[in-house]
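I set out to look up the cysteines in this structure, then the strand pairing around them, and finally one of the pockets. These are my notes in the order in which I took them.

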Amino acid sequence: MLGQFNFAFEDSTASRAQRLLADSYRTACGNIAKSVSPTSQVFYPGSPEFDAGISHWANSSSQVSVCSVEPGTSQDVGQILRELASTHTPFAVKAGGHTCNPGFSSTPGVHISLTRFNDIVIHEDSETVAIGAGLTWADVYAYLVPKGINVVGGRLGGAGVAGYTLGGGYSWKTNQYGLTADTVTEFELVLPNGEIKVVTEMDEDLWFALKGGFNNYGIVTKFTLKSHKQNDVWGASLNFAEDLVDAAQAAFAKFLTQQHDTKAAQLGEFVYINGSVLFGLSLFYDGPVPPEGLYDDLLNLPSTSKSIVKGSFMDFTQSLYFTNPFSRSTYFDGVPVLHYTEPIIKALANETKVSSSRLSKYDASVMVIYTLDPFEPDFLAHGGQSAFPPDRSRPVFPSGICYGWTDESVDKHMADAMHRSVASMLAAGIKDGQDLTNAAPYVNYALFGTPLERIYGGQLKRLREIRRQYDPEDIMGLTGGWKF
């Protein structure tokens, strides 16, 4: 009886502590509502605005907050940060909501949704475009492309501008212009103390840190990017059933050794779904028609399905857009690759089969994807020193891993399996003669728990020093993400 009483007492104490925390969070919500301008609003559970504010592309990335806040101005973002700092209230910052790391842009405390930062301003004189942090790339393309203008943005329209850019950003146009972060000319940043600062290349430390450093230094509310003219483009999607995969992956490996047109870009995917491993290729050319013979060997392969897009850049990205089919969980991780040799491509195909066989025992609905993200060897030469990638002296390609499932009880099994799979692919790369000792995984793919040293390498010391300079009270430590 005494033991039962102790358990009940402990449970009651824990519940009381949780209630007290929730009450303090609600107080912070009320204070924010009183202190911000009429352009901003606070929403509570039960309202559609609240549900939209906390939702993510992957449901496993969402948490139920005490309230969600939609600031309408950078000044109000500053006021919100000051209030959160004064009460030491945990908070989240969500822009597009495309992260698959739980807790990175969600919280049980105060959820900040940047959805009202949705302006796009074209500056013809400087050939730049100012883009609000609450937009997705689909929003950006829908506004710019009909005007014959474009920027270096996301390959999938559903990804948010903010997280994608602050993580570097690999694009269909990276071979021509570099990473999206390489094309930034200004960041509008709300510092942890609430002050607003326009960061340019003159601000050496923050300029370096924001290119890969996410929300460690405050909240970015606007990005100004270099723009360029945009004409019609060409694209193709090819899918190969299991009996055609071997021939297709061999042809793709051969193709990568032969083509070096910077207007061309490709993305490959091994996909396990419904008991089979398939291979898909997305091909892009930044022009109405690719040069004769460029893609012929791939287009002439026997395939299960083939579709060609000839039209606007927006048409092409919309043809690739997909919604997350899983009602609950999705995780991403990244494997650095120096060369997509035929052995590495075969290893990715084999890892897809092995992983799916293991994971389907935990959840029969599991979907497994391993991606091939090849670029030209000099693609990193378009940008300067940055937090990510930490080393631009050699090209590192961002091969991705994605697991999706529905049974929340197997979340840990999936994360552990993903870590094992990364180790297996790193071993395959080393066996192939690739020096992956200090090769960084793509930070926007990396799974929670990945050591910061692996992602940021020798840049980590400087990033921490800059963090201490601009956030000595560790205000941004109250929110999620990769924390320095």
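The entries below cover the disulfide, the unpaired cysteines, the strands and a pocket.

**Entry 1, the disulfide.** I note at the outset that this is a predicted model. I looked for pairs of cysteine sulfur atoms within 2.5 Å, and the count came to one disulfide. The pair is C29 and C67, whose sulfur atoms lie 2.0 Å apart. C29 sits in helix α1 (residues 2-35) and C67 in strand β2 (residues 67-70), so I record the bond as tying together parts that are 38 residues apart in sequence. For its handedness I looked up the torsion about the S-S bond of C29 and C67, which is about -90°, so this disulfide is left-handed. I also checked exposure, and both C29 and C67 are buried.

**Entry 2, two cysteines without a bond.** Why do I not count C100 as bonded to C402? The closest cysteine sulfur to that of C100 belongs to C402, and I find it 6.2 Å away, which is too far for a bond because the cut-off is 2.5 Å. Looked up from the other side, the sulfur of C402 has that of C100 as its closest cysteine sulfur, again at 6.2 Å. C100 has 6% relative accessibility and therefore counts as buried, and C402, at 8%, counts as buried too.

**Entry 3, the strands around β2.** I returned to the strand that holds C67 and looked at which way its side chains point: C67 and V69 point one way from β2, while S68 and E70 point the other way, and all are buried. On pairing, I found three bridges that join strand β1 (residues 41-43) to β2, the two running antiparallel, and in β2 the bridge partner of F43 is S68. Three bridges also join β2 to strand β4 (residues 110-113), and this pair runs parallel. Here I noted that V69 has I112 as its bridge partner in β4.

**Entry 4, the second largest pocket.** How much space lies in the second largest pocket? I have it at about 300 Å³. Of the 16 residues that line this pocket, those closest to its centre are L256, Y340, F375, P377 and F397. Helix α8 (residues 245-258) gives the largest share of the lining, with three residues. Sorted by class, I list nine nonpolar, six polar and one charged residues in the lining of the second largest pocket.

Note on methods. Residues are numbered from 1 along each chain as its sequence is written. This is a predicted model: local features need pLDDT of at least 70, side-chain atom pairs count only at pLDDT 80 or more; totals for chains, interfaces and linings use all residues. Side-chain values use heavy atoms; hydrogens and water are left out. Helices (H or I, at least four residues) and strands (E, at least two) are DSSP runs, numbered from the N terminus. Buried means under 20% relative accessible area, exposed over 50%, partly exposed in between (1.4 Å probe, protein chains only). On a 1 Å grid over the protein atoms alone, a cavity is a set of points where a 1.4 Å probe fits but cannot get out, and a pocket is an open set with protein on both sides within 12 Å along at least five of seven lines; lining residues have an atom within 4 Å of a point. Grid points are joined across faces, edges and corners, and a volume is the space filled by probe spheres set on the points. Ala, Val, Leu, Ile, Met, Phe, Trp, Tyr, Cys and Pro count as nonpolar, Asp, Glu, Lys and Arg as charged, and the others, Gly among them, as polar. Two strands pair if DSSP finds at least two bridges between them.
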